[in-house]
Amino acid sequence: MFPADERPAEPPAPRWSGSAPVPPPRPRKRAWGESAEPTPVPPLPVEPPEHRTPVDPWAGADTGGWELPSAELPPLPPTLPYPAAPPARPHPAPPVHSPAPPAPRPTPPRHDAPPVAYPVSPPPVARPAAPVSRAAVPVQPAAPPPPPPAPPRQRRAKTPPAAPPPGFQAPKGYVPVAVRKRRRWPWVLLLTLACCCGCPAYYGVPMASQYPASATLPAEVADLRLRDDNNSKETAKRLEAEVRKAHWLAEDTFAGVYSTSAGKRVTVFGGTGFRLTPESDAQDEITRLAGQYSLGEAQVVDTGVRGRHERCAVGRADGDDVVVCTSVDHGSITTAVFTRLSVDDSAALLGTLREQIVTAEQG
């Protein structure tokens with residue numbers, strides 16, 4: 001019980017604000033994979049000692065009465081002086097030997113006067129040599145020993161010939177003959193000359209024999225006759241223009257139409273000029289004419305002439321079967337279209353036409 005004056009004051013009545021009390025927040029649910037243990041607070045980084053502010057441990061303490069009288073230490077003994085160096089003894093000068101005066105020529109004695117004895121200078125007295133300090137004379141290093149002499153070069157021992165097996169007996173009439181060792185350097189020299197001179201000759205002879213060349217259409221070739229009608233002339237001009245367009249490096253072009261009394265027709269065209277790769281040019285010519293004559297697979301024909309390549313293929317033109325053959329060498333190209341002939345006959349007839357039309361000009 002408290003007296004009336006000491007009663008505690010009553011708490012003031014809560015003031016009505018008109019708003020509902022806010023409930024405390026619900027505990028947060030753990031996320032997927034989160035640990036149930038509370039995450040510890042990471043420790044603060046430790047500051048290096050050199051970055052800390054220095055603290056005086058005696059700050060604020062009264063250190064005035066700490067001054068104590070220092071004890072007087074006895075004086076140090078005097079430092080002894082270094083002994084004086086002895087004076088340097090000068091080396092005695094080497095003795096100087098004065099040259100002895102030349103002895104006078106003796107005068108021949110006279111019979112009337114006694115001989116006179118001339119004084120002779122005494123021999124020089126040898127004085128002891130002055131001592132030489134070892135420290136003043138530099139010591140020369142010992143010279144390295146000379147290298148040992150190289151051993152003489154020995155020649156490789158030759159392998160002796162194999163001895164016959166024991167108990168071997170030569171047949172009757174056998175005479176051993178020493179086999180002479182063959183030298184290889186002549187064969188190496190001949191092989192080198194063959195490679196250096198044979199290769200250019202192998203490739204250069206065909207070029208020199210086939211280029212340059214000229215072309216002229218003869219009026220008759222075997223049983224063929226050159227046609228001179230307007231239709232044949234127009235065909236020849238058209239073919240010559242196509243050759244010039246396809247082979248724009250050709251020096252000269254030609255074209256003509258031949259026929260026989262039996263109804264066979266041969267159309268020939270081509271050009272002259274240097275060709276470095278006649279084999280690929282022959283294949284390219286068949287490929288160029290494949291669309292115009294519906295040609296099949298090309299066949300390789302052996303010409304028997306080095307540097308000359310020939311191809312033949314079967315096709316159709318104006319509803320008739322035809323054979324297209326082309327022959328190319330280093331100096332010219334000749335192509336012909338044959339009707340009513342086989343591939344072999346067409347290839348043989350093309351060789352005949354080429355010999356009559358193309359002429360190689362020998363330098």
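**Arg 275 and the nonpolar cores**

A polar contact of 3.1 Å joins the side chains of Arg 275 and His 247; a polar contact is a pair of N or O atoms within 3.5 Å, where within protein one must be able to donate a hydrogen and the other to accept it, and residues adjacent in sequence count only if both atoms are side-chain atoms. This is a predicted model, in which local features need pLDDT of at least 70 and side-chain atom pairs count only at pLDDT 80 or more, while totals for chains, interfaces and linings use all residues. Residues are numbered from 1 along each chain as its sequence is written, and side-chain values use heavy atoms, with hydrogens and water left out.

Reader: Is Arg 275 buried or exposed?

Author: Buried means under 20% relative accessible area, exposed over 50%, and partly exposed in between (1.4 Å probe, protein chains only). Because its relative accessible area is 13%, Arg 275 is buried.

Reader: With which side chain does the side chain of Arg 275 make a polar contact of 3.4 Å?

Author: Contact means heavy atoms within 4.5 Å. Not counting residues up to four places away in sequence, Arg 275 touches several residues, including Val 328, Ser 332 and Ile 333. The polar contact of 3.4 Å is with the side chain of Asp 281.

Reader: Which element gives the largest share of the largest nonpolar core?

Author: A nonpolar core is a set of buried Ala, Val, Leu, Ile, Met, Phe, Trp, Tyr and Cys residues joined through side-chain atoms within 4.5 Å. Of the 21 residues in the largest one, Val 266, Phe 338, Leu 349, Leu 353 and Ile 357 touch the most other members. The largest share of this core, six residues, comes from H4.

How values were computed:
Helix = DSSP H or I, 4+ residues; strand = E, 2+ residues; numbered from the N terminus.
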